[in-house]
Each structure stands twice: as C-alpha cells, then as structure tokens.
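Let's take a friendly walk through this model together. Have the sequence and the 3D view open as you read.

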Amino acid sequence: MSGTPKILLQARGVARAFGEGARRRAVLEQADFHICRGEHVALLGRSGSGKSTLLNIIAGIDRAESGVITMNDTDLARLREPARTLFRREHIGFVYQFFNLLPTLSVFDNIALPLQLLRMPEKEIARRVAELLNAAGLDARGGDYPDQLSGGEQQRVAIARALAHRPALVLADEPTGNLDAAAGRRALKLLVGARDTKDAPGLLTATHSREVARAADRVIVLDGGRISDGGGDKQEQLAW
Ligand SMILES: Nc1ncnc2c1ncn2[C@@H]1O[C@H](COP(=O)(O)OP(=O)(O)OP(=O)(O)O)[C@@H](O)[C@H]1O
Ligand SMILES: [Mg+2]
C-alpha cells in the first residue's frame with residue numbers, strides 16, 4: 001500500500017449496556033478504533049468482554065446506545081431499515097462462530113445467496129461460486145448439504161459466503177473457535193487469502209487464537225468496555 005492508508009471503518013465512543021434498572025450492565029463503554037482499507041485487525045479480549053456485541057453492532061444486527069461508527073462516509077448508527085439491511089448486504093460479510101449455514105440449502109446455494117440477494121446474473125453467480133468453492137478446497141461439494149460436511153468444511157463454506165459479494169469489510173467472530181488446529185489453519189488461510197485480491201476487504205476478527213492474532217496486521221484489545229485506539233504495537237499487545 002502506498003501513501004497514507006485510507007480509513008475504512010472508524011468507531012468513536014461506542015457504548016452498549018444490557019438489562020434494565022439495577023440489572024443494567026454496561027458491556028461496551030468507550031470503544032474507539034479504526035480499520036484501514038484492506039487491513040486485518042484482530043480483536044482480542046477475554047470471554048464476555050463484548051467482542052461479539054461489538055461485531056453485531058458494526059454489522060447492524062444490534063444497535064449501539066451511543067457513539068458513532070462510520071464506514072467510508074456512511075454513519076452506520078443513523079441508518080434506518082431497510083437502508084441498514086441493504087448496506088450490510090452490499091458492503092459487509094459476516095462469519096459466525098457456529099457457521100450458521102442454511103441447512104435446507106446446498107453448499108452452492110448457501111454461497112450464492114448473498115449474490116442472489118444483490119440480483120447478480122445467474123451466470124456470474126455460477127462463476128463466482130465455482131471460484132470460491134475452489135479456493136475453499138471444496139470443488140466437488142457444491143451439491144452437498146451442510147450436515148454432510150465436517151465442521152471445518154462448513155466453516156470454509158461460511159467464509160466463502162461472507163466473501164462472495166466482495167464486501168469492503170468482513171467481520172469474523174471466532175472463525176476458528178470451534179475447529180481443531182489444522183482445520184482452523186485452513187479456515188484462516190481462506191479468510192486471509194481474500195486479501196490477495198485487488199480490492200482486499202478490511203477484516204476484523206474476534207479471536208482467542210494467538211495464531212489468528214499473529215496473522216493480523218494489528219491487534220486491538222477490548223477490556224473493561226474500552227478499546228483504546230493507540231495505533232497498535234502488535235508485539236506489545238500479543239503479550240496480553
Ligand atoms: N442480548 C443480550 N442480553 C443480555 N446480555 C447480553 C446480551 N448479549 C450479550 N450479553 C452480555 O454481554 C456480555 C458480552 O457478551 P459477548 O457475547 O459480546 O462477549 P464476547 O467477548 O464475545 O465473549 P466470548 O469470547 O465468550 O464469545 C456478556 O456478559 C453477555 O452475557
Ligand atoms: Mg463472542
């Protein structure tokens with residue numbers, strides 16, 4: 001990358017609490033961070049620190065109570081339905097910890113779904129899905145259903161689905177959390193491999209895995225409801 005990296009996503013003062021009255025508990029208090037275009041940022045933090053909550057807010061699945069999240073020039077918090085859904089469909093890919101494939105759709109159709117929602121012509125969809133199946137090492141499995149696949153294979157399908165529409169931002173919530181080391185490495189390779197393309201997506205990966213954190217350009221840590229956007233000395237943060 002030449003010159004100053006361009007900021008893709010900027011979060012300022014993002015806050016979210018759950019529960020009412022005396023049971024109210026702040027999960028995010030002051031999340032400040034950014035992701036540059038094409039940059040891979042690993043989001044670390046102990047279990048329950050709010051990593052999934054933050055990813056869900058960025059994806060528009062959940063809402064922040066305050067704070068600003070801008071992606072390119074769009075203020076995500078201000079988007080109302082259906083604009084929010086349309087924005088997500090076009091610009092964001094999401095990889096869930098538990099794969100979340102649709103059981104009644106074949107592997108091919110699971111990957112094709114985001115493209116169909118964007119009304120891509122069928123021929124182009126077929127080409128793109130074939131390319132992704134190949135990258136995932138699943139050429140022969142397009143006609144299978146998710147329950148005929150191993151966990152590692154399902155996760156590669158889920159990653160292929162998240163990348164299908166070439167989103168500007170991919171959010172991955174512990175993408176290797178339920179896989180053994182070898183399957184995790186393969187999933188990570190597919191995810192990170194997307195960054196070899198011309199319009200590499202920004203990637204925000206919530207993880208407990210040091211291997212995933214090591215593969216990232218930068219690490220941010222969620223602790224006590226806060227992320228401080230210090231730019232990120234990766235070595236120092238990996239000591240966490
Ligand atoms: N819908 C909800 N209602 C009430 N509390 C919630 C809700 N969603 C999350 N929480 C609480 O918010 C806190 C943060 O949860 P979150 O799932 O974001 O953590 P996490 O960092 O992703 O943890 P893990 O590493 O275990 O996945 C937890 O204490 C959780 O119980
Ligand atoms: Mg989580």
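In which loop is phenylalanine 99 found? Phenylalanine 99 sits in the loop between strand E6 (92–95) and helix H3 (107–117). Please keep in mind that you are looking at a predicted model.

**Backbone features in the loops**

Phenylalanine 99 is worth a click, as its phi is near 65°, a positive value in a residue other than glycine. For background, most residues other than glycine have a negative phi, and most peptide bonds are trans. Is phenylalanine 99 buried or exposed? Phenylalanine 99 has 22 C-beta neighbours inside 10 Å, so it counts as buried, the cut-off being 20 or more.

Glutamate 174 also has a positive phi, of about 45°, although it is not a glycine. You will find glutamate 174 in the loop between strand E7 (169–173) and helix H6 (181–193). Glutamate 174 counts as buried because it has 21 C-beta neighbours inside 10 Å.

A third positive phi, near 50°, belongs to asparagine 72, in the hairpin of E4 and E5. That hairpin has 2 residues between its strands.

Here are these three residues side by side.

| Residue | Phi | Place |
|---|---|---|
| Phenylalanine 99 | near 65° | loop between E6 and H3 |
| Glutamate 174 | about 45° | loop between E7 and H6 |
| Asparagine 72 | near 50° | hairpin of E4 and E5 |

Now move along to a peptide bond. Glutamate 81 and proline 82 are joined by a cis peptide bond, with omega about 0°. Proline 82 belongs to the loop between strand E5 (74–75) and helix H2 (83–91).

**An open sheet**

In what order do the strands of the open sheet run? The order is E5-E4-E1-E2-E10, giving 5 strands with mixed pairing. E5 and strand E10 (226–227) stand at the edges with a single partner strand each, so one side of each has no neighbour in the sheet.

As a reminder, strands of a sheet pair through backbone hydrogen bonds, either parallel or antiparallel. Strand E1 (residues 7–18) and strand E4 (residues 66–71) run antiparallel and are joined by 5 bridges. To line the two up on screen, look for alanine 11, which stands opposite isoleucine 69 in E4.

E4 and E5 run antiparallel too, with 2 bridges between them. Here threonine 70 stands opposite aspartate 75 in E5, and methionine 71 faces threonine 74 in E5.

**Around ligand 1**

Which residues surround ligand 1? They are Phe18, Val27, Gly45, Ser47, Gly48, Ser49, Gly50, Lys51, Ser52 and Thr53. By type, this shell divides into 2 nonpolar, 7 polar and 1 charged. Helix H1 (residues 51–59) gives the most to the shell, with 3 residues.

**The whole protein**

Stepping back, the protein has 8 helices and 10 strands. Its C-alpha atoms fill a box of roughly 50 × 45 × 40 Å along the principal axes. How does the radius of gyration fit the expectation for a compact globule? For 240 residues such a globule would have a value near 18 Å, and the protein has 18 Å, so the two agree.

Of the 240 residues, 40% count as buried. Among contacts between residues at least 6 apart in sequence, 71% join residues at least 24 apart.

Conventions:
Residues numbered from 1 in each chain as written. Chains lettered and ligands numbered in written order. Predicted model: local features only at pLDDT ≥ 70, side-chain atom pairs only at ≥ 80, totals over all residues. Helix = DSSP H or I, 4+ residues; strand = E, 2+ residues; numbered from the N terminus. Buried ≥ 20, exposed ≤ 12 C-beta atoms within 10 Å, placed from the backbone. Near = placed C-beta within 6 Å. Nonpolar A, V, L, I, M, F, W, Y, C, P; charged D, E, K, R; others polar. Pairing = 2+ DSSP bridges. Rg over C-alpha atoms; globule rule 2.2 N^0.38 Å. Contact = placed C-beta atoms within 7 Å.
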